Amino acid sequence: MASDEILKAVFPLLEGTDLAACMAVCKQWQNIAQDDYFWKCVCAKKWPSTCKNSPPPITYQKLFKTFYKRENNRTLLPPRISLQDLEFYIDFWADGNLLFSQVVPGPALQKGNWTPPPGISPEYKLTLPVKPQFSVPYSQSVSVSVLVARKDTNKVASVIHDATFDYIERSSCRALAYDYLVISPAYPFVSGIRAWIALLFIEDGDDGDIDVFGIEMDFCDAANSEEEVLWLLDMLDWK
């Protein structure tokens with residue numbers, strides 16, 4: 001009995017992790033440490049307001065074990081769609097004239113399907129070689145629209161709507177355009193996410209044209225892996 005009284009005097013002084021460790025020592029320590037009073041003493045140090053007036057709806061032991069340390073690296077569940085479920089409708093216009101129009105199956109955009117020339121950044125991006133290649137004079141205004149269709153639900157969503165390539169990054173040989181994604185009303189707190197699309201080009205020094213050899217699309221505001229991109233596409237406002 002004397003040892004029980006000593007433990008009851010010491011346990012209120014311990015930190016939560018130490019009290020939890022004491023529960024693994026032996027059956028006697030476990031039985032004593034399960035008294036919620038000791039866990040209330042622990043919570044009083046970390047969240048004093050939980051010990052005022054009415055107690056929280058769960059035990060202090062469960063409160064501490066659940067919230068004493070935030071989970072910062074949760075594993076993302078597998079997305080509900082795959083690239084095999086998707087088709088992208090990509091159209092480029094130059095001064096109102098159709099420049100490029102193609103239906104692209106999702107798997108064609110998987111990373112590693114082709115090896116772009118040096119200069120493509122290592123982050124995950126949806127990339128597609130342009131065959132045949134085409135040229136665009138600097139004097140022309142180029143715009144792009146991208147729709148995506150789901151084979152599993154027969155629905156279509158907009159990724160980019162009539163965005164203009166108004167920025168050229170010569171150091172990485174990209175002409176860039178973007179548009180904000182239209183997210184489903186089912187996700188009211190998700191907004192402000194951009195879809196970027198780039199024309200990958202080789203600069204022709206003779207006549208000022210850019211020779212486009214590839215298309216690159218990414219969602220770097222919110223998604224930097226294939227799984228994250230698929231989760232993001234799943235949240236679009238599908239019609």
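This note goes through the sheet, its central pairings, one buried acid and one helix of a predicted model.

1. **The sheet.** Four strands make up an open sheet. Their order is 2-1-4-5, and the pairing is antiparallel. Strand 2 (97-105) and strand 5 (155-164) are the edge strands, each pairing on one side only. Neighbouring strands are turned by 10 degrees against each other on average, with direction ignored.

2. **Strand 1 against strand 4.** Strand 1 covers residues 86-94 and strand 4 covers residues 142-150. Nine bridges join this antiparallel pair. Two positions help to fix the register by eye. Glu87 stands opposite Ala149 of strand 4. Tyr89 has Leu147 of strand 4 as its bridge partner.

3. **Strand 4 against strand 5.** These two strands also run antiparallel, joined by seven bridges. Leu147 is a useful residue to select here. On the strand 5 side, the bridge partner of Leu147 is Ser158; on the strand 1 side, Leu147 is paired with Tyr89. In general, side chains in a regular strand alternate between the two faces of the sheet.

4. **The hairpin turn.** Strands 4 and 5 form a hairpin, with four residues between them. Look at Asn154 in the turn: its phi is positive, at about 60 degrees.

5. **Burial of strand 4.** How many of the nine residues of strand 4 are buried? Seven are, so this strand is largely enclosed by the rest of the structure.

6. **Asp85, a buried acid.** Asp85 sits in the loop between helix 5 (60-67) and strand 1. Which side chain of opposite charge is nearest to Asp85? It is Arg150, 6.0 Å away. A salt bridge needs a nitrogen–oxygen distance within 4 Å. Asp85 is buried and has no salt bridge. Arg150 is still among the residues that Asp85 touches, along with Ala149, Lys151 and Asp152; residues up to four places away in sequence are not counted. Ala149 is also the residue opposite Glu87.

7. **Helix 4.** This helix spans residues 36-46. Its buried residues are Phe38, Trp39, Cys41, Val42 and Cys43. At the start of the helix, Asp35 makes a side-chain to backbone approach. One of its side-chain oxygens comes to within 2.9 Å of the backbone nitrogen of Tyr37.

How values were computed
Residues are numbered from 1 along each chain as its sequence is written. This is a predicted model: local features need pLDDT of at least 70, side-chain atom pairs count only at pLDDT 80 or more; totals for chains, interfaces and linings use all residues. Side-chain values use heavy atoms; hydrogens and water are left out. Two strands pair if DSSP finds at least two bridges between them. Axes are lines fitted to C-alpha atoms, for helices over the stretch in contact, and angles run from 0 to 180 degrees between N-to-C directions. Buried means under 20% relative accessible area, exposed over 50%, partly exposed in between (1.4 Å probe, protein chains only). Lys and Arg count as positive and Asp and Glu as negative; His and the chain ends are not counted. Contact means heavy atoms within 4.5 Å. A polar contact is a pair of N or O atoms within 3.5 Å; within protein, one must be able to donate a hydrogen and the other to accept it, and residues adjacent in sequence count only if both atoms are side-chain atoms.
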